[in-house]
Amino acid sequence: MAFTLYALLQASLLFVNAVAVLHEERFLRQVGWGNDQGIGGFGEEPGIKAQLTNLIRSIRTVMRVPLIALNSITIILLLLFG
């Protein structure tokens, strides 16, 4: 399999799908990345863990509908062109 732009796009779609299905109560809280973990004071820079949990939460919120469309298009392309 050659490394193409389509393969790169498909890999990034799979990664975003993996982030989107992470369940906060089942998985993230057991690892220590729950809602209450990243609370800082006023004016403090959030740490890496808080930034990653915000990124995961944002991906789950914003990318829900576009992921359905992108996954459907990818499945149709794979069925048509193999």
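Is Asn 71 buried, partly exposed or exposed, and what is its relative accessible area? Asn 71 comes out as partly exposed, because its relative accessible area is 23% and buried would mean under 20%. Keep in mind that this is a predicted model.

**The overall picture**

Let's step back to the whole chain. Its secondary structure amounts to 4 helices and 0 strands, and reading from the N terminus the order is α-α-α-α. Of the 82 residues in the chain, 18% are buried. The accessible surface adds up to about 6,600 Å², and carbon and sulfur atoms account for 68% of that. If you take the contacts between residues at least 6 apart in sequence, 66% of them join residues at least 24 apart.

How confident is the predictor? The chain has a mean pLDDT of 82, with 89% of its residues at 70 or more. Broken down by element, the lowest mean pLDDT, 74, belongs to helix H2 (residues 24-31), while H4 has the highest, 92.

**Helices H1 and H3**

Helix H1 covers residues 5-20. Its 16 residues should span 22 Å at 1.5 Å a residue, and the end C-alpha atoms are indeed 22 Å apart, so expectation and model agree. The buried residues in H1 are Ala 7, Leu 13, Asn 17 and Val 19. What do the buried residues of H1 pack against? Their partners are helix H3 (48-62) and H4.

H3 passes the length check too: 15 residues at 1.5 Å each should give 21 Å, and the ends, C-alpha to C-alpha, are 21 Å apart, so the two values agree. Buried in H3 are Ala 50, Thr 53, Ile 56, Ile 59 and Arg 60. The cover over the buried residues of H3 includes H1, H2 and H4.

**Some polar residues to look at**

Here are four of them side by side, with the helix, the relative accessible area and the class for each.

| Residue | Helix | Relative accessible area | Class |
|---|---|---|---|
| Asn 17 | H1 | 19% | buried |
| Arg 60 | H3 | 17% | buried |
| Asn 71 | H4 | 23% | partly exposed |
| Thr 74 | H4 | 16% | buried |

Start with the two asparagines. Asn 17 is in H1 and Asn 71 is in H4. In sequence they sit 54 residues apart, yet their C-alpha atoms are 8.9 Å apart in space. Setting aside neighbours within four places in sequence, Asn 17 contacts Leu 67 and Asn 71. Seen from the other side, and with residues up to four places away left out again, Asn 71 touches Leu 13 and Asn 17. Why do the two get separate labels? Asn 17 has 19% relative accessibility and so counts as buried, since the cut-off for that class is under 20%. Asn 71, at 23%, is therefore partly exposed.

Thr 74 is also part of H4. At 16% relative accessibility, Thr 74 counts as buried. Which residues does Thr 74 contact, leaving aside its neighbours within four places in sequence? They are Tyr 6, Gln 10 and Leu 13. Leu 13 is itself one of the buried residues of H1, and Leu 13 is touched by Asn 71 as well.

Then there is Arg 60 in H3. With a relative accessible area of 17%, Arg 60 is buried. Leaving out residues up to four places away in sequence, Arg 60 touches Val 19, Ala 20, Leu 22, His 23, Glu 24 and Leu 28. One of those, Leu 22, is 38 residues away from Arg 60 along the chain, with 8.4 Å between the two C-alpha atoms. Another, Val 19, is among the buried residues of H1.

**The nonpolar patch**

Now for the outside. Tyr 6, Ile 73, Ile 76, Leu 77, Leu 78, Leu 80 and Phe 81 together make a nonpolar surface patch of about 710 Å². Which helix gives the largest share of the nonpolar patch? That is helix H4 (residues 64-81), with 6 residues. Leu 80 is a good one to click on: it is located in H4 and is exposed, because its relative accessible area is 62% and exposed means over 50%. Tyr 6, another patch member, is also in contact with the buried Thr 74.

Note on methods
Residues numbered from 1 in each chain as written. Predicted model: local features only at pLDDT ≥ 70, side-chain atom pairs only at ≥ 80, totals over all residues. Heavy atoms only, no water. Patch = residues over 30% accessible without salt bridge, like charges linked within 9 Å, V, L, I, M, F, W, Y side chains within 5 Å. Areas by Shrake-Rupley, 256 points an atom, 1.4 Å probe, with all protein chains shown as cover. Salt bridge = Lys/Arg side-chain N within 4 Å of Asp/Glu carboxyl O. Helix = DSSP H or I, 4+ residues; strand = E, 2+ residues; numbered from the N terminus. Buried < 20%, exposed > 50% of the residue type's maximum accessible area, 1.4 Å probe, protein only. pLDDT = per-residue confidence, 0-100. Contact = heavy atoms within 4.5 Å. Expected span 1.5 Å × (residues − 1).
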